[in-house]
Amino acid sequence: MTPIFVAEVSSNHNRDLQRCFEFIDTAAAIGCDAVKFQLFKIEELFAPEILAKSAAHRKRKEWELPVEFVPLLSDRCRKKNIQFSCTPFYIDAVTELLPYIDFYKIASYELLWNDLLVACAQTGKPLVLSTGMAKLKEVKGAVEAIITAGCKDLTLLHCVSGYPTPVGECNLAAIQTMRRKFAGPASLHRDPQKAHVIKIGWSDHSVCPGVLYRAIHRWGAEMIEFHLDLDGTGEEFKTGHCWLPEQIKTVIEAVRTGFAADGTGIKKPAQSEISDCDWRADPSDGLRPLLKIRKNWSQ
């Protein structure tokens with residue numbers, strides 16, 4: 001199955017509504033299935049003692065997405081036939097986003113915050129959870145909280161919260177570790193009424209095509225999330241973990257083309273080679289074409 005591609009805008013929107021629209025339009029044009037924003041307030045993201053001491057953290061006020069943009073972004077996504085997602089970073093954001101999003105995305109840094117996980121899960125919306133920095137035990141605790149709260153559609157994204165992530169640290173094999181632990185036949189609930197679906201994917205910070213291809217074709221990633229910038233002027237582009245549109249478009253097209261090559265698995269001549277079948281070497285003398293063709297052949 002072709003994975004779902006999610007373009008993460010993060011703080012590259014520069015608080016510009018038209019630029020936000022351009023992100024949505026671009027994500028749709030390059031073949032993404034969803035585009036994701038972040039909804040946070042600095043005062044509800046960092047502890048006051050950190051903000052009091054750090055001008056750099058206070059400056060991130062300029063990165064906030066205005067909440068009044070949310071319904072406009074949702075409407076734009078509908079018009080462009082692309083899913084709209086957003087990460088809530090404070091509890092009230094869950095309610096603010098509920099009428100507009102197709103799914104919630106929880107960031108790795110909030111994985112331990114059960115109150116937020118439960119609030120999202122209780123809405124009944126699909127939920128995507130990044131697992132950067134987490135040990136398997138911590139992921140298990142988050143999954144149990146989410147499933148117990150009623151979520152029936154959960155995607156776990158293996159993630160390395162290094163910006164950018166060195167290829168040698170991607171540890172893509174952890175995708176299979178999480179699949180065996182959380183998406184196998186064993187369920188957290190024996191009650192069929194509480195059946196749930198858990199999918200596994202990869203949230204990328206490597207900006208390496210080979211990593212994405214490997215995550216998909218070797219480890220079966222069912223969702224690929226990546227950070228997108230339009231033109232290199234986004235707030236986070238300089239960190240080195242954001243893809244530009246043409247870079248990721250090439251990967252998406254290659255992946256979808258590759259999946260189209262799978263076929264039925266039945267070993268028989270393809271339509272494009274049928275005309276050459278009779279031009280194989282005849283078993284009687286090893287010469288081409290088959291005897292039945294030689295007798296009546298004319299150029």
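1. In this predicted model, Glu144 and Lys140 form a salt bridge, and their closest N and O atoms are 2.4 Å apart. Both residues belong to helix 7 (residues 136-148), where they are four residues apart and so separated by about one helical turn. Glu144 is partly exposed, with a relative accessible area of 30%. Lys140 is partly exposed as well, and its relative accessible area is 30%.

2. The salt bridge between Arg179 and Glu222 links separate parts of the chain: Arg179 is in helix 8 (residues 174-182), while Glu222 is in the loop between helix 9 (209-217) and strand 8, so the pair ties together parts that are 43 residues apart in sequence. The closest N and O atoms of Arg179 and Glu222 are 4.0 Å apart. Arg179 counts as buried because its relative accessibility, 18%, is under the 20% cut-off. Glu222 has a relative accessibility of 29% and counts as partly exposed. Elsewhere, Arg19, Asp229 and Asp231 are joined into one network by salt bridges that share partners.

3. Helix 7 and helix 8, which hold residues named above, also pack against each other. Their axes are 12 Å apart and the angle between them is about 45°. Helix 7 and helix 8 are therefore oblique to each other. Their crossing is right-handed.

4. How many salt bridges does the structure hold? The total is 17. One of them joins Glu225 and Lys105, with the closest N and O atoms 2.8 Å apart. Glu225 is part of strand 8 (residues 223-228) and Lys105 is part of strand 4, so this salt bridge ties together parts that are 120 residues apart in sequence. Glu225 counts as buried, at 2% relative accessibility. Lys105 is buried too, with a relative accessible area of 4%.

5. Is strand 4 (residues 103-106) covered or open on its faces? Both faces are covered. Phe103 and Lys105 are buried on one side, and Tyr104 and Ile106 are buried on the other. In a regular strand, side chains alternate between the two faces of the sheet. The Lys105 of the salt bridge to Glu225 is thus found on the side of strand 4 that also carries Phe103.

6. Strand 4 pairs with strand 3 (residues 83-88) in the parallel sense, over two bridges. Across this pairing, Tyr104 of strand 4 has Cys86 opposite. Between strand 3 and strand 4 the chain passes through helix 5 (residues 91-97), and the resulting β-α-β crossover is right-handed.

7. Which strand holds the bridge partner of Ile106? The partner is Leu129, in strand 5. Strand 5 (residues 127-130) pairs with strand 4 in the parallel sense, over three bridges. Strand 4, helix 6 (residues 114-121) and strand 5 together make a β-α-β unit, and this unit is right-handed.

8. The remaining points concern backbone geometry. Most peptide bonds are trans, and most residues other than glycine have a negative phi. Tyr163 and Pro164 are joined by a cis peptide bond, with omega about -5°. Pro164 sits in the loop between strand 6 (153-159) and helix 8. Another cis peptide bond joins Arg288 and Pro289, with omega about -10°. Pro289 is in the loop between helix 10 (245-260) and helix 11 (291-294).

9. Where does Asn14 lie? This residue is in the loop between strand 1 (4-8) and helix 1 (17-29). Asn14 is not a glycine, yet its phi is positive, near 60°. Its relative accessibility is 30%, so Asn14 counts as partly exposed.

10. Met133 is also a residue other than glycine with a positive phi, here about 75°. The loop that contains Met133 runs between strand 5 and helix 7. Strand 5 is the strand that pairs with strand 4, and helix 7 is the helix that holds the Glu144 and Lys140 pair. Met133 counts as exposed because its relative accessibility, 52%, is over the 50% cut-off.

Methods
Residues numbered from 1 in each chain as written. Predicted model: local features only at pLDDT ≥ 70, side-chain atom pairs only at ≥ 80, totals over all residues. Heavy atoms only, no water. Buried < 20%, exposed > 50% of the residue type's maximum accessible area, 1.4 Å probe, protein only. Pairing = 2+ DSSP bridges. Right-handed = clockwise from strand over helix to strand, strands pointing away. Salt bridge = Lys/Arg side-chain N within 4 Å of Asp/Glu carboxyl O. Axes fitted to C-alpha atoms, helices over the stretch in contact; angles between N-to-C directions. Parallel < 35°, antiparallel > 145°, perpendicular 65-115°, else oblique. Left-handed = near helix turned anticlockwise from the far one by under 90°.
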